[in-house]
Amino acid sequence: MTDTLLTISGLSAVSDRDGGSPILRDVSLTLNRGEVRGLVGESGAGKSTIAKALLGILPRTVRVTSGAIRFEDRDLLTMPARELRDVMGEDIALIPQDPQTALNPGRRIEAQLTDGLRMRRGMSKQAAHDKALALLAEVHIRDPERVLKAYPHELSGGMRQRVLIAAAFALDPKLVVADEPTTALDVTVQKQILRLIRGMQRQTGTGVIFVTHDLGVVAQICDSVTLLYAGKVIEQGSTADVLQNPKHIYTRALMAAGPRYDRPEAGLEPVPQAVFEQLRAEIGIK
Ligand SMILES: Nc1ncnc2c1ncn2[C@@H]1O[C@H](COP(=O)(O)OP(=O)(O)OP(=O)(O)O)[C@@H](O)[C@H]1O
C-alpha cells in the first residue's frame with residue numbers, strides 16, 4: 001500500500017497576463033502522508049502558483065497547459081467546482097503568509113474559528129465553542145476564553161498566526177499548504193511558530209507543502225525539498241540529501257549565499273551571474 005497523498009505530474013502553466021510566458025515548466029513532485037516538503041526558490045520561481053493550484057485558487061490569468069495534480073485518487077485540476085469546494089478547507093487547508101490580513105478585522109476570533117466547525121461539521125454553538133477552546137490550547141494559547149472573545153487587532157502577530165494554525169488544523173485536513181507563514185514575524189516568534197507547525201503536523205500526520213524563501217527554515221522543518229527556478233524543478237530530494245550533498249551548481253550557490261539567499265548576509269557570496277547564465281541555458285530561456 002502506498003502512502004502517497006499528493007502527486008503533481010508534468011504541471012506546466014503560462015501567464016496570460018504576460019503574453020503567455022511560462023510560469024511552471026513540467027513540474028513533478030510527490031508528497032506522502034505525514035511528510036513536510038519545502039518549496040523553495042527566489043521570487044518568481046513559481047512557489048505561490050503551485051500553492052494556489054493546490055488550493056484551487058489559481059488566478060484567471062494563469063492557464064494550466066498540461067499536467068495533473070492527484071490528491072488521493074482525484075485530480076484537483078479536473079474536479080467539478082462543487083467537489084473542489086468540499087475538498088478545500090476540509091481536506092486541504094491553508095496557513096497564510098500574513099496573519100495581519102488573513103483574519104477578518106470585524107469579527108471576533110470565536111466566530112472565525114467556529115464557522116467551519118458549525119457549517120462543515122454541523123456542530124452546535126456550544127460544541128463548536130468547546131472545540132475552538134481545545135484548538136487554542138493545542139496551539140499553546142494561554143487564556144483561550146479571552147482570546148475567543150477578542151478581535152484580531154487585540155492580538156499580537158504571533159498570537160494571530162497561532163489562531164490561523166488552529167483554524168487550518170480545525171477540520172483535520174490531510175494536506176496543509178503553509179505559504180511563508182513566518183515571513184511577517186520576528187525571529188524568536190518565527191522559531192516558535194515553526195516548532196508549533198511541526199508539532200501539530202506530527203501529532204495529526206498531516207502532509208504539509210511549506211513555501212519558503214529560507215533554506216534555514218527548510219533545514220528546520222522539512223523532510224524533503226523541491227528547489228525551483230523560473231518555474232522549473234532544479235533539484236529535489238530529502239532535505240538531508242539536498243542540503244548535505246547538493247548536486248546542482250545553483251543549489252550550492254544558494255547555500256553559499258546563506259539561509260536567506262535572497263538577502264545575502266554581509267560577507268556571504270551572492271549567487272554568481274555565471275550560475276544564472278547556466279540555469280537559463282539549461283532551461284532554455286534568455
Ligand atoms: N495573477 C497572475 N496572473 C498571471 N501571472 C502571474 C500572476 N501571479 C503571478 N504570476 C506570474 O507567475 C510567475 C511565478 O510567480 P509566483 O508568485 O508563483 O512566484 P513565487 O515563487 O511564489 O514568488 P514570491 O516568492 O515572490 O511569491 C511570475 O512570473 C509572475 O509574474
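The legends below describe close-up views of a predicted model of a protein chain with a ligand.

**View 1. The protein chain as a whole, in the predicted model.** The protein chain contains 12 helices and 10 strands, and its C-alpha atoms fill a box of roughly 60 × 45 × 40 Å when this is taken along the principal axes. A compact globule of 286 residues would have a radius of gyration near 19 Å, and the value of 19 Å found for the protein chain therefore agrees with that expectation. Buried residues account for 40% of the 286 residues, and among the contacts with a separation of 6 or more, 65% join residues that are 24 or more positions apart.

**View 2. The open sheet of 6 strands.** The strands of this open sheet follow the order β6-β7-β8-β3-β9-β10, and their pairing is mixed. Because β6 (92-95) and β10 (232-238) stand at the edges and each has a single partner strand, one side of each is left without a neighbour in the sheet. Direction ignored, neighbouring strands of the sheet are turned by 15° against each other on average.

**View 3. Strand β3 and its enclosure.** Strand β3 covers residues 36-40, and 5 of its 5 residues are buried, so the strand is largely enclosed by the rest of the structure. Burial extends to both faces of β3, with Val36, Gly38 and Val40 on one side and Arg37 and Leu39 on the other.

**View 4. The parallel partners of β3.** With strand β8 (residues 207-212), β3 pairs in the parallel sense over 5 bridges, and in this pairing leucine 39 stands opposite valine 211 of β8. The pairing of β3 with β9 is also in the parallel sense and runs over 4 bridges, with glycine 38 standing opposite valine 225 of β9.

**View 5. The pairing of β9 with the edge strand β10.** Strand β9, which comprises residues 224-229, pairs with β10 in the antiparallel sense over 6 bridges. Within this pair of strands, tyrosine 229 is found opposite lysine 232, a residue of β10.

**View 6. The shell of residues around the ligand.** The ligand is surrounded by 15 residues, of which Ser15, Ser43, Ser48, Thr49 and Thr61 are the closest. Helix α1 (residues 47-55) supplies the largest share of this shell, namely 3 residues. By residue class, the shell around the ligand divides into 8 polar, 4 nonpolar and 3 charged residues.

Technical notes:
Residues numbered from 1 in each chain as written. Predicted model: local features only at pLDDT ≥ 70, side-chain atom pairs only at ≥ 80, totals over all residues. Pairing = 2+ DSSP bridges. Helix = DSSP H or I, 4+ residues; strand = E, 2+ residues; numbered from the N terminus. Axes fitted to C-alpha atoms, helices over the stretch in contact; angles between N-to-C directions. Near = placed C-beta within 6 Å. Nonpolar A, V, L, I, M, F, W, Y, C, P; charged D, E, K, R; others polar. Rg over C-alpha atoms; globule rule 2.2 N^0.38 Å. Buried ≥ 20, exposed ≤ 12 C-beta atoms within 10 Å, placed from the backbone. Contact = placed C-beta atoms within 7 Å.
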